[in-house]
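Please open the model in a viewer and keep the selection panel at hand. The tour proceeds from one selection to the next, with a note on what each one shows.

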Amino acid sequence: MEQLHWVRHRCRTLLAGNPEGGWHSAPDDLPNKSFLNAHCSLHRVRGKRRSVFARHGPHRQEYDTFSKSYKGNAIRTTKYRLLTFIPMNLFQQFHRAANLYFLFLALLNWVPAVEAFQKEITMIPLLVVLAVIAIKDALEDYRRYLFDRKVNNNVARVFCGKQKAYNDQCWKDVRVGDFVRLSCNEIIPADMLLLYSSDPRGVCYIETANLDGETNLKQRQVVSDLPLQGEEFTPESFPSRIECENPNNDLSRFRGYMEHPSGVRVGLHNSNLLLRSCTIRNTETVVGIVVYAGHETKAMMNNSGPRYKRSQLEKRLNTDILWCVVLLIIMCLTSAVGHGLWLKNLKDPVFGVNTDTSPALAGFYVFWTMIIVLQVLIPISLYVSIEIVKLGQIYFIHNDLDLYNEQLDSRIQCRALNITEDLGQIQYLFSDKTGTLTENKMVFCRCSIYGVEYPHVENARRLEVYEAEKNKAADHSVTLRSGCSAKSRSCRSLSCNRSSVSLHTLTADSEEEDEQLSNQIQARTSAFCSRMAKEVVPDPELVRKLNWFSSPLNEASSGTPSSLELAYITDFFLALTICNSVVVSSPSQPRHVVPEARTPLKSLEEIKLMFQRFSFPPFSALSTFSPPQIRGSPRNFTSRLFTRGKTGSFSPTANNATDGSEPGRDNDMDTPKLRCILDFSAPGEGGNAAQVEDDIKKDDIKDAKTSPDGPRQEVEVDSDSDVDDELLYEAESPDEAALVHAARAYRCTLRGRSPESLLVDLPGIGSLAVQLLHILPFDSNRKRMSVVVRHPLTGQVVVYTKGADSVIMDLAETSKGAEQAQEFHSHIKDQSQKHLDSYAREGLRTLCIAKKALEEEEYEAWLKRHLLAESSIENREELLLDSAQRLETNLTLLGTTGIVDRLQEDVPETIEALQRAGIKVWVLTGDKQETAINIAYACKLLRPNDRLLTANCGSKDACAAFLKELKLEVQCGQDGLTEAPAAGAHGESSSGSVSSFILVIDGQTLDWALQEELKRDFLELSSRCKAVLCCRSTPLQKSEVVRLIRDQLGVMTLAVGDGANDVSMIQMADVGIGISGQEGMQAVMSSDFAISRFKHLSKLLLVHGHWCYSRLANMILYFFYKNVMYVNLLFWYQFVCGFSGSVMTNSWVLILFNLIFTSVPPLIYGILDQDMPAETLKGVPELYQAAQTSKIYVPHMFWITVLDAFYQSLVCFFIPYFALTGSDVGILSFGSPINASALFIILLHQVLESHTLTWIHGLVLLLSGGSYFGFVLLFSVSCVTCSPPTNPLGVETLQMSQPLFYIICAVTTFTALLPRMLFRAVYSTVHRTAALKSSHVEKVESENYRKRMQRWNLSHHRVNRLPVCANNPGLEPSTLHTQTHTDRQRAV
Amino acid sequence: MMASSYSAKDEDGHITVTGPGGAALRSKKPENTAFKQQRLPAWQPILTAGTVLPAFFIIGLIFIPIGIGLFVTSNNIREFEIDYTGVDESSPCFNCSQNFSWNSTQPCTCSIPFSLEQSYENNVFMYYGLSNFYQNHRRYVKSRDDSQLNGHLGSLKQPSKECEPYAKHENKPIAPCGAIANSMFNDTLELFYNDPNGTKVLIPLRATGIAWWTDKHVKFGNPGDGLNLTAEFQGTTKPVNWRKPVYELDSDPLNNGFINEDFIVWMRTAALPTFRKLYRIISRKDNMVPTLLRGNYTLEVVYNYPVRSFEGRKRMILSTISWMGGKNPFLGIAYITVGSVCFFLGVVLLIIHHKYGNRNNSADISN
């Protein structure tokens, strides 16, 4: 079955209008050799690559030979065309086994010897099912068609060769080789090579929200070497040839070269390519040449079909259907043998027709006849019904208010349609930490520089205040929403909503779809715009030190930092400011307007030179000490700049002003040198040196120094002045934004960015253009990113690196200088490590900032190899990685940062509920062990008296031994546990009283544990633990873990995550849930369900999952019941008609009975039934376990159902039989009460089985019953000669006018339902009391537990293994009452 | 705040369709309706002993009287049945049953004496009963042409394929075609009352009104206007087993041809292999005299119909009927049984209810 579905899906994708799909997606690397002699072997390699010529350029001929054959830009995502719809659709539908089976039956009915009904009648079920699905497909396809048409008719300005101008053309008429001019905010119609941008630097920004949902801007670059900058691009004379790889679906890769007539080749990469369906931003005009069009664009090639997953229940269902087949065959065989025997004993009957056939042959015929007659036993409509029911369930899930996030204005997205009931059977939950458990709204919290910690007490307090504020301030959420809703709206990107049409067309209204495109245009705001993230209250101490730099007067008395420390601090903030990929924009200006990146001042250059002279030594070697500060003289200039509030441009007056201050600076030059030496030996006395500069500074600083907390005030004033000049930072990850905002709080402001330079405000220095040499972007292997810049002050080439502490600490300089320096470095390292550890314990995310100064020659050498790597086409990625790693060595650790990532609301409650529901929760995170443990504590995954098993092994053997040891330990512990009289049987919740085990395992150990030999031990160990924490795990490991658990334990797994690193895990799990959070949409795109908050999981699983599962399971059972019950009536009749395959019902009624009269109630049952109210399910999560272990739909339930059906059919057949036997009853008159009572029984059976009955149920039941009687009466009145041989004329009218009919129906119906009614009554009376009792016990127990926990926390929190952090309000265990909370605070 | 102002600014892109704020108004918040939130007022039929037991008692109370009523009614029905197949050598019809031929011109007659113990009031219905006769055999049931029987001329000349192999005989279409018609019961039964004074009085039997009204007036019809049946059936031949063509079934033109009621009754195939079919009605003459007096009778049979080859049986049944049809005590017994079982179960449930139900009424969580 599964395979068949796969085949069907495969066919669908193949048929989806892209016959070359397989060919495109095949790896088509450009081999190096052919690249070199590409020109001569052009024809040979044409299959591997494409050459593009300008359509209206000088190479018209080549264009005709090569480019013309490429696909146009018209897209067609429809599966069918108008004419071919019926054959194509039928072809696809017959890939379904059930349909084939029924086709076979229909055909079988055409064989005269076995024909059971009229030929048309057996076609009806098949036709109805086919028609329903065909209509659904047609509607979906029609929507696609409309969408395609809309997209195809979008207008773009395309260069026209004749008129030598850009004309409006529809997208569909754009061809490869066309030049397209786009303006700001236009959507790119095809994949184009960027040839011209109005931006003087030749860049343009695109927003890829339509592709991947990320709203941040990406920069694209005009093909380098194009001599087009400045003047308008002239397409008609574009002479170059473009060679690039064949279309593929890799969004992040594009390789090729452009060959100019001169023979010069310019490499092309991804940054030159404008992708279809992205939007141009912040760039006035761009011109590009189309290289891929239509279906060959990367956007379209990424547009894969909806996910197809097979639910567990459906797998079970298939086995039961097989049982039905077995049952059917048995029944048919019985009939066949019976008929043979009957015929054998019959001699020359008057009623015989064709009695000359041998009994064996007749029996054989009857076998097939019976297969037709009893076909209903195999529920043809079941699959269709299940699909409909799931759609209904999805509709309700989609509409649930509890799963709606007010702040983001986002509902749950259901991307997979057919696994709703799997939600009710989850046994293992794998969760990412960042962004899933936590909000992923990073807020800078603390930092440590130069080995000195700055606790940012104010900031922490403010965070707490914010927390409180957030809870009550509703208006604030509006602000948040306006910023973020747009993002969420853009979540359904182009490819996303196209591919999942079947969902959206049925669950969301269509208009929404149409508007998305336009919404996405608006949807561009910073994702990290929350007030909280931006407002960092600086640490007064740090501010003081930083200001000391510019205003030494104030610092004269106390705590003067050494100049080296100042250098560290400056560099630290400079690194925070520039070592990122943040895009800056301001609302008042177009986003890309970056202040001119020219070096602003001549005089400043001199400052830099000076700065370089003094500051260089501390960073390279500590042989000489010099102050990095440029005090005083730039102060004039910078203070002016600050008061002006704008630093976007530098006016000549500013230039003059600084020129004027030059002498003062010269003055200054000697003193710091002296002072610095003093500083190092006796840091406390630095004030002396500061005094020297007094005269220079005095006039500039008096405004800020009037009050004792001057520095802070100054900062506040400063930030106030910034308000109207609000800068928006858009970062790829929230950490980056948080750091930039933090730096900004210290007035180190990132003002603008261009490819070559960054504009930075520094306190006391002012705006500086930092020449950006390279960005070595973040990747998960290196776990760090670097920027290579020319230091604005020293002119040196400096590498700033920011990354995970483990990595940076390893790379940090192993001192080679003097012993003193060595000591000094190791001191800083030790201190920083200590701070890092404490941050991690508090649950902060830690990052290290380091730098490295390069000698020119060193840089040159590196640059050469780097350029080589960049320009290489083969293995480019690997070479770049190598190159980056070569550079990032011997770093000087500047400092560390701690960023808070607060828990999402209700996470502890959710996790507790899930655990009580019997779901094992695993946390797989890339974070540090300490951070992970702390978060686990905070979200109640760990109880204070749980026993923590930590597995950090250095080698595989150690790991093996350790696992064994732990296993033993757990075994001992659990033996003790089972002996304990505590009510462990009531589920996880009560295990708080006894200790349970939590396994903490780090990435490396996990690697070993996942290996073949240790897998068993690891599994055994982990399955005995209540929870498992995997820290430092890579995305691959995450999916490996999921796979291991899923396959080896055969359990139902759910993975939830929010980032790209969770994608593999999400795809691996049975149910993948994406959290649409701060980190783009990759997780959502690959998920089955996308929610916006972790807490939604509890309702989704406990309530909807439970409902969906029990609904579907009950509905399937009911379907089986219904079919078995009805078919058996026909079977029993065979015993009185010589097993001849005769039926006592009109064949129309027979077929329609299942198809119409009793088809809707099960659907309603499957969609609306609630076996328990939502509140109970939420309140008593233990109820979830019933479904989890498939208690509703288990084999014995299937057989009980079948048995009950047998009983009911016996009653339903034999009561009328005995009541009518021997009388003059005709065939149809005999069938009439049987049919009617079967209908009553089947409908009332459902009433018995339903747990809730609403007016909808009532209406549907009435309509079903009514439709039967209506049809039958109408038929018996109007059908004069129709429907031979079972002509119903007058039968039902006569029957229903007789009291006997009703007497028979009444007793039959009641007798049939009696056992089930009795069973239900007795069962629920006896069982309910048990359930009540247990839930009552549960309540009392959990109450006790809570009290015990409070007491425990009061007494034990100090001796706890790991202190729960105090200054992270989000991490407070929330069950503790406020009383406890404050007590604890006091105690701390 | 700034974000909103920002996005508003960007809306002047020319592809923008919605005006500013258009999207803001369209919140995606699901409607808070009872239906969408699955909070429709619902009746939760939790069947417990407490809720079910009244139903059981009530049903018991209803069923038992009905059962008694049915039983009494059924018992009040007079029914007399006599098997005249002639299996036994002692049977008067033994000879006739032995030498049988469909085509014999010499009718074999036999007379069976019987006596009624009670007098029969009201209308008495005379049935012939057949046993082990599978009129419900699939092929047999199919073997007819409703269109032909309805008087359709085309079907008369060109019978449906379903009638095969009884569609044509000697290249002439058979009317009525098919196995059912071909095997039509053709015994003639006559009833004589043996007056105590020795004379045999022929009891008048009514041959009309035995078929369903719809059958006679809607479903069955003679071809043409039905005035000259001989002409209408020109070019057709009689079924193989028949002695005379269809248009000679009766002298009464309203009971001849396809609308002959004996034929119609036969054509309504019986559901079970043992069945009876209404043959004649003995109407009561006046209210004072019973329709059939208590006493001796003779059944005169023209024995035409062979059943012994397949071990069938032929019977003649005399029965009065009630509102619930013929005599059948089963339903009455069934009702009484089910009613008593319900009553009994009601008591059992009462015990269960007292044992379990009462204790937990206070802790009822499922509202």
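Select strand β30 of chain A and display its side chains: Ala1027(A), Leu1029(A) and Cys1031(A) lie on one side, Val1028(A) and Cys1030(A) on the other, and all are buried, so that both faces of the strand are covered. In a regular strand, side chains point alternately to the two faces of the sheet. The strand spans residues 1027–1031, and since five of its five residues are buried, β30(A) is largely enclosed by the rest of the structure. This is a predicted model, and the tour should be read accordingly.

Next, add the strands that pair with β30(A). Select residues 920–924 of chain A, which form strand β27; this strand runs parallel to β30(A) and is joined to it by four bridges. To locate one position in this pairing, pick Trp922(A), whose bridge partner in β30(A) is Val1028(A).

Then select residues 997–1002 of chain A, strand β29, which pairs with β30(A) over five bridges, again in the parallel sense. Here Val1000(A) is a useful marker, with Leu1029(A) as its bridge partner in β30(A).

Now turn to the surface of the model. Select Trp323(A), Val326(A), Ile330(A) and Trp1199(A) together: they form a nonpolar surface patch with a combined accessible area of about 370 Å². Which helix contributes the largest share of the patch? Helix α10 of chain A, residues 312–344, does so with three residues. Within this helix, select Trp323(A). Its relative accessible area is 41%, and because this lies between the cut-offs of 20% and 50%, Trp323(A) counts as partly exposed.

Move on to chain B and colour the chain by secondary structure: twelve helices and ten strands should appear. The chain has 367 residues, of which 50% count as buried. Its accessible surface comes to about 17100 Å², with 56% belonging to carbon and sulfur atoms. If contacts with a separation of 6 or more are considered, 79% of those in chain B are between residues 24 or more positions apart.

Finally, select Asn328(B), which is placed in the loop between β10 (313–319) and α12 (329–357) of chain B. Is this residue buried or exposed? With a relative accessible area of 12%, Asn328(B) is buried, because this value is under 20%. Display its surroundings: leaving aside residues up to four places away in sequence, Asn328(B) touches Ser74(B) in its own chain, and Phe1218(A), Ala1219(A), Leu1220(A) and Thr1221(A) in chain A.

Definitions and conventions. Residues are numbered from 1 along each chain as its sequence is written. Chains are lettered from A and ligands numbered from 1 in the order in which they are written. This is a predicted model: local features need pLDDT of at least 70, side-chain atom pairs count only at pLDDT 80 or more; totals for chains, interfaces and linings use all residues. Side-chain values use heavy atoms; hydrogens and water are left out. Patches are made of residues with over 30% relative accessible area and no salt bridge: like charges are joined within 9 Å, nonpolar side chains (Val, Leu, Ile, Met, Phe, Trp, Tyr) within 5 Å. Accessible areas come from the Shrake-Rupley method with a 1.4 Å probe; for residues, only the protein chains shown count as cover. A salt bridge is a side-chain nitrogen of Lys or Arg within 4 Å of a carboxyl oxygen of Asp or Glu. Helices (H or I, at least four residues) and strands (E, at least two) are DSSP runs, numbered from the N terminus. Buried means under 20% relative accessible area, exposed over 50%, partly exposed in between (1.4 Å probe, protein chains only). Two strands pair if DSSP finds at least two bridges between them. Contact means heavy atoms within 4.5 Å.
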